[in-house]
Structures are given as structure tokens and as C-alpha cells.
Amino acid sequence: MINNETHLLYSALCYEAGHGRRTQHILKVYALAKLLGEQAGISPEEQQILQAAAILHDIAIKYCKEHGDGDAGQEKQKQVAPQLVIPFLQNAEYLPSYIPKVLELVERHHDYDGPKSKLLQLLMEADLIVNCYESRPNHEKIPAIQAVFQTHAGKELLSLCLKDAAE
Ligand SMILES: [Fe+2]
């Protein structure tokens, strides 16, 4: 049986059409968001919302690069997000009440300095850990990245990544 989440993940990977970096990024952030959510003991409903947001968090990048002037900056991604996130969730038959919650996480996942819900915190940590593995941060940027982290598991996994980068 194919559940909503499997349907969503499959359609997001098909949408990326084999783009190596973005396809692998989706899979990695999805796996880490699931782990961090379970470690934090969130509810099954919150877990579903977090995992859907992890699958879709960067979904606007491809559209932004292929339309208009190719600007895929964070503001442009926010503008485009609803027109992609909503139909992706509807096609995967997510509960309508989940859709605005997933969309908000997608839109705000780069707002490191703003107020953060528990789910936004978990999504940011998952994304930042994967980003650090994909592109090792400069020494000067590390304190700002560390400052975002609040969960025990997230801090631990980030420190392992940074420790390996330093060796
Ligand atoms: Fe990302």
C-alpha cells in the first residue's frame, strides 16, 4: 500500500527529474528530519507534517531556476512555494488541515533569526546538518550555524560532522 508520504516523496523525486544534488538532498533531509522528530518525541501528526515539509522544503528551487530571471534566492523561493507545495500535498491526499502547517515550515526554513516552532527548529537542524556535509562551512561561519541548534540529537550530529571536517 502506498501511503501519503511515499506518494509525496515519489512525486518530489520525479519532479526533480534525476537532478543529482537536489534528489539526494531531499532524501537526506527527509531521513534526518524523521530521526530528529522521533528523538524529540513529537506526536504522529507532527511527525507527518515535519516529514512532508522535509520532502518539500527546497521544492521551489527548480521552478525558480527555470522561470523568470532564474533567481532562486530565498525571497523568490518563498513567493513560489505555495503554488508548488499545495498541489503536491493535495495530490498525495494529505489532510487539508496539514497543508498550511507544511507550507509555513517550507516558507520559513531559512528564517534562522525569527521565532521558531518546535517543528521549524527540527527542520532547520536537519537541513543545516545535511548542508554542512554537502558543503563544509568556513571556520568563521561555524559559530553562527551552531547557534541555531537546540536539540540534543541535532547538536551531537552537527558536532560529529564538524569534527570530521576539521580532521
Ligand atoms: Fe535544504
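User: At what angle do α7 and α9 pack in this model?

Analyst: In this predicted model, the axes of α7 and α9 lie 10 Å apart. Since angles under 35 degrees count as roughly parallel, α7 is roughly parallel to α9. The angle at which α7 and α9 pack is about 5°.

User: Which residues of α9 make the contact with α7, and how does the contact divide by class?

Analyst: From α7 the contact is made by Glu125, Ile129, Cys132 and Tyr133, and from α9 it is made by Gly154, Leu157, Leu158, Cys161 and Leu162. By class, the contact of α7 with α9 has seven nonpolar, one polar and one charged residues.

User: Which helix gives the most residues to the largest nonpolar core?

Analyst: The largest nonpolar core holds 39 residues, of which Ala33, Ala53, Leu56, Leu123 and Ala126 touch the most other members. At least two residues of this core come from each of α1 (4-16), α2 (20-40), α3 (44-56), α5 (74-91), α6 (99-108), α7 (118-134) and α9 (152-166). With nine residues, the helix that gives the most to this core is α7.

User: Which residues, apart from neighbours within four places in sequence, are in contact with alanine 33?

Analyst: Alanine 33 is one of the residues that touch the most other members of the largest nonpolar core. Leaving aside neighbours within four places in sequence, the residues in contact with alanine 33 are Leu50, Gln51, Ala54, Leu122, Leu123 and Ala126.

User: Are α1 and α3 roughly parallel or roughly antiparallel to each other?

Analyst: The axes of α1 and α3 come within 10 Å and cross at roughly 10°. Angles under 35 degrees count as roughly parallel, whereas those over 145 count as roughly antiparallel. The helices α1 and α3 are therefore roughly parallel.

User: Which residues make the contact of α1 with α3, and how do they divide into nonpolar, polar and charged?

Analyst: On the side of α1 the contact is made by Glu5, Leu8, Leu9 and Ala12, while α3 contributes Gln48, Gln51, Ala52, Ile55 and Leu56. The residues of the contact of α1 with α3 divide into six nonpolar, two polar and one charged.

User: Is α3 roughly parallel or oblique to α7?

Analyst: The axes of α3 and α7 are 10 Å apart, and these helices pack at an angle of about 40°. Angles under 35 degrees count as roughly parallel, and the angle of about 40° makes α3, with respect to α7, oblique.

User: Which residues of α3 and α7 meet, and is the crossing left-handed or right-handed?

Analyst: Glu46, Ile49, Leu50, Ala53 and Ala54 in α3 meet Leu119, Leu122, Leu123 and Ala126 in α7. By class, this contact of α3 with α7 has eight nonpolar, no polar and one charged residues. The crossing in which α3 passes α7 is right-handed.

User: Does alanine 52 count as buried or exposed?

Analyst: Alanine 52 lies in helix α3, and, leaving aside neighbours within four places in sequence, it is in contact with Glu5, Leu8, Leu89, Tyr94, Tyr98 and Val102. A residue is buried if 20 or more other C-beta atoms lie within 10 Å of its own. Because alanine 52 has 29 C-beta neighbours inside 10 Å, it counts as buried.

User: How many ångströms apart in space, C-alpha to C-alpha, are alanine 52 and tyrosine 133?

Analyst: Tyrosine 133 belongs to the α7 side of the contact with α9, whereas alanine 52 lies in α3. Along the sequence alanine 52 and tyrosine 133 are 81 residues apart. Their separation in space, C-alpha to C-alpha, is 22 Å.

User: Is alanine 17 buried or exposed?

Analyst: Alanine 17 lies in the loop between α1 and α2, and its phi is near 50°, a positive value in a residue other than glycine. A residue with 12 or fewer other C-beta atoms within 10 Å is exposed. Because alanine 17 has 9 such atoms, it is exposed.

User: What value is phi of glutamate 93 near?

Analyst: Glutamate 93 lies in the loop between α5 and α6. With 11 other C-beta atoms within 10 Å, glutamate 93 is exposed. Its phi is positive, in a residue other than glycine, and is near 60°.

Key
Residues numbered from 1 in each chain as written. Predicted model: local features only at pLDDT ≥ 70, side-chain atom pairs only at ≥ 80, totals over all residues. Core = buried A, V, L, I, M, F, W, Y, C linked by C-beta atoms within 7 Å. Helix = DSSP H or I, 4+ residues; strand = E, 2+ residues; numbered from the N terminus. Contact = placed C-beta atoms within 7 Å. Axes fitted to C-alpha atoms, helices over the stretch in contact; angles between N-to-C directions. Parallel < 35°, antiparallel > 145°, perpendicular 65-115°, else oblique. Nonpolar A, V, L, I, M, F, W, Y, C, P; charged D, E, K, R; others polar. Left-handed = near helix turned anticlockwise from the far one by under 90°.
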